[in-house]
Amino acid sequence: LTLFEKLTREELPFFLNLLDHLASHGIPCPRPIASHDNGFLGELNGKPACIVSCLEGKSLDRPDPAHCAQVGEMLADMHLAGKTYRAEMPNPRGPAWWKTTAPQVLPKLSAADSALLNQEIAYQSQFRFEDLPRGVIHGDLFRDNVLFKDDALSGVIDFYYACSSAWLYDLAITVNDWCVAADGALDAERASAMLQ
């Protein structure tokens, strides 16, 4: 049972229908269970709610290259399966958000960090993200959102940051959590395994 504390009833069809679509295409994600009236969304204690299938497994603290390879393969499969999902959800954390949020954050940063943020936004603004291959992305594929059972990927959860955006952005989010060493440096072996 999933009770939605923050997402509104109007926002939820994109996510629930996406989960159903991906599950139908072999992606190991929670599948919403339809009610007798064929809808996925109900209400409990005045909040939107749904029932989804339960996945086995647990998340990993220390992934190795073989785990990263499985995550990379699943992410590619998910992107390809999402090509036939017709609903769209603009990325709420894309370039437009960066530009409107930065002025709220800058006064709270040191001068050096403010300069770094301004420099990065200016640099990123030079690129046309719309020209990159795009479609449905997970948007939050951190280690705690992937389940493994006996070293085999058994599920992917928490699709509530999913949206329509560049696949490369989704890969960057994933690599940034799965393929970095304790000091924050990129672990080349894990990153290579994921990219392959």
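Which residue's side chain meets that of Arg190 in a salt bridge? Select Arg190 in this predicted model, and then add Asp187, since the side chains of these two residues meet in a salt bridge, with 3.2 Å from N to O. While both are still selected, compare their surroundings: Arg190 is buried, with a relative accessible area of 11%, whereas Asp187, with a relative accessible area of 23%, is partly exposed. Side chains of opposite charge can pair when their charged atoms come close.

Next, select Asp177 and Arg143, which form a salt bridge whose closest N and O atoms are 3.1 Å apart. This pair links distant parts of the chain, for Asp177 lies in helix α5 (residues 167-178), while Arg143 is found in the loop between β4 (134-137) and β5 (146-149), 34 residues apart. Asp177 counts as buried because its relative accessibility is 16%, which is under the 20% limit, and Arg143, at 26% relative accessibility, counts as partly exposed.

For the last stop, select Lys47 together with Glu5, where you will find another salt bridge, with the closest N and O atoms 3.4 Å apart. Here too the pair links distant parts of the chain, as Lys47 belongs to strand β3 (residues 47-50) and Glu5 to the loop between β1 (2-3) and α1 (12-24), 42 residues apart. Glu5 counts as exposed because its relative accessibility is 54%, which is over the 50% limit, while Lys47, at 29%, counts as partly exposed.

The count for the model comes to six salt bridges, among them the pairs Arg190 with Asp187, Asp177 with Arg143 and Lys47 with Glu5.

Key
Residues are numbered from 1 along each chain as its sequence is written. This is a predicted model: local features need pLDDT of at least 70, side-chain atom pairs count only at pLDDT 80 or more; totals for chains, interfaces and linings use all residues. Side-chain values use heavy atoms; hydrogens and water are left out. A salt bridge is a side-chain nitrogen of Lys or Arg within 4 Å of a carboxyl oxygen of Asp or Glu. Helices (H or I, at least four residues) and strands (E, at least two) are DSSP runs, numbered from the N terminus. Buried means under 20% relative accessible area, exposed over 50%, partly exposed in between (1.4 Å probe, protein chains only).
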